[in-house]
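This report describes selected parts of one structure, shown below. It covers a strand and its neighbours, a helix, a metal site and a ligand.

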Amino acid sequence: MNRLTLRRPDDWHLHLRDGPQLRAVAGFTAERFTRAIVMPNLKPAITTVAQARAYRQRILEAAGENFQPLMTLYLTEQTSSAEIDAAAASGIIHGVKLYPAGATTHSDAGVRNIEKVYPALERMSSNGLPLLVHGETVDPQDDIFDREQRFIDTVLAPLIARFTTLKVVFEHVTTRAAVEFVQGARAGVAATITPQHLLLNRNALFAGGLRPHHYCLPVLKREQDREALLAAATGGDARFFLGTDSAPHARQDKESACGCAGVFSAHAGIELYAEAFEQAGRLDRLQGFASEFGAHFYGLQLNEEHITLLREEWTVPASYDFGGAQIVPFRAGEPIRWKLSRTAG
Ligand code: NCD
Ligand code: ZN
């Protein structure tokens, strides 16, 4: 197969940042995806509908009016029921993000004691507003490779059992345990999967030396985990859908004695998934994963337009501009097997 035409995909987990950085990266996503669930972990965090509305406007200015940013609120222990009601009524907010405090980049405003957000979760259950979860424990005693599993056992499973109608997206799942948990969960529980977790295992962090540009959270896991993720993504199960978690950081913040977590993949946000699906011999299932299952979960229409990918190798630039600084993209200086066709489908 040398051409692949798909219903236009959506990215159900994306970091766009703000200001000149937003203007540097937004176009990559808008070129490939019609919509994206935009993460609220700015500094300061997007915790109110008013902030989300203003951020949405800045995204539209950066990405163009054809791109549809689907906004999220950052859940804190102070999030009020009134704010949740306003979010549900806003028409622009499609989820509320739970960051365990300290779990990842800009998560310090997040949740320390889950019971403090029970009133907000109750309200989200009645309003039908999904909870988007960064699923890792934060206890420094927990082995970093076990934090997702521990989070399932100690936080997520009890939470899903307690709030029986709450819609939950377990974001960027990275382990076989998470895949099995989602497969066995009640209706209304789904998961996103990133391209790096489908294509790499944790050896990629140490291939010939320390590789900061492969460091993201949750961190890459074992080969057996990657295999389970690939099987889930390509298995035609509507609970699993595309979320790149593209998370740009300036080169100097990655190539540092204490480097930031995040892989930038928006420059090839659909092409990398095509590679993974091709590896599995399941290109026929890419459209469901990339362009249909997420929209069904969020209760949105499918996109009517299409994109075409060509089976044509190209080399990723060594870096892209990042509003004055540089970002080193996923696969920098290396080939990608699929290319977005820039002429109409
Ligand atoms: C994300 C970021 O940089 O904002 N980093 C990452 O490694 N994925 C935050 C997140 O989604 O965990
Ligand atoms: Zn993320």
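## Strand pairing around S8

Two strands are said to pair if DSSP finds at least two bridges between them. The model discussed here is predicted.

Strand S8 spans residues 189-193 and has parallel partners in S7 and S9. With S7 (residues 168-170), S8 pairs in the parallel sense over three bridges; here Phe170 has Ala191 as its bridge partner. With S9 (residues 240-242), S8 also runs parallel, joined by three bridges, and Thr192 stands opposite Phe241. S7 and S8 also belong, together with helix H6 (residues 176-184), to a right-handed β-α-β unit.

## Burial of S8

Is S8 buried or exposed? Five of its five residues are buried, so the strand is largely enclosed by the rest of the structure. In a regular strand, side chains alternate between the two faces of the sheet. In S8 both faces are covered: Val189, Ala191 and Ile193 are buried on one side, and Ala190 and Thr192 are buried on the other.

## Helix H10

Helix H10 covers residues 271-279, and seven of its nine residues are buried, so the helix is largely enclosed by the rest of the structure. The buried residues are Glu271, Leu272, Tyr273, Ala274, Glu275, Ala276 and Phe277. After H10 comes Gly281, which has a positive phi near 70°.

## Zinc site

Which residues coordinate the zinc ion (ligand 2)? The ion is bound by NE2 of His13, NE2 of His15 and OD of Asp245, at 2.0 to 2.1 Å. Along the chain, these donors follow the spacing H-x1-H-x229-D. His15 lies in the loop between strand S2 (11-14) and helix H1 (19-32), whereas Asp245 lies in the loop between S9 and helix H9 (251-254); the two are 230 residues apart, and the pair links distant parts of the chain. Both His15 and Asp245 are buried.

The site has four donor atoms, with angles among them of 91 to 142°. Four donors count as tetrahedral if all angles lie between 85 and 135 degrees. The zinc site is classed as irregular.

## Ligand 1

Around ligand 1 there are 15 residues, of which Arg17, Thr104, Leu217, Asp245 and His249 come nearest. Asp245 is also one of the residues that coordinate the zinc ion (ligand 2).

Polar side-chain atoms of Arg17 and of His249 each lie 2.8 Å from an oxygen atom of ligand 1. For the zinc-coordinating His15, an N or O atom of the side chain is 3.0 Å from an oxygen atom of ligand 1.

Note on methods: Residues are numbered from 1 along each chain as its sequence is written. Chains are lettered from A and ligands numbered from 1 in the order in which they are written. This is a predicted model: local features need pLDDT of at least 70, side-chain atom pairs count only at pLDDT 80 or more; totals for chains, interfaces and linings use all residues. Side-chain values use heavy atoms; hydrogens and water are left out. Buried means under 20% relative accessible area, exposed over 50%, partly exposed in between (1.4 Å probe, protein chains only). Helices (H or I, at least four residues) and strands (E, at least two) are DSSP runs, numbered from the N terminus. A crossover is right-handed if, with the strands pointing away from the viewer, the path from the first strand over the helix to the second runs clockwise. Donors are N, O and S atoms within 2.8 Å of the metal (3.2 Å for Na, K and Ca); water is not among the atoms, so sites may look incomplete. Four donors count as tetrahedral if all angles lie between 85 and 135 degrees; four count as square planar and six as octahedral if opposite donors are over 155 degrees apart and all others between 65 and 115; anything else is irregular. A residue is near a molecule or strand if one of its heavy atoms lies within 4 Å of it. A polar contact is a pair of N or O atoms within 3.5 Å; within protein, one must be able to donate a hydrogen and the other to accept it, and residues adjacent in sequence count only if both atoms are side-chain atoms.
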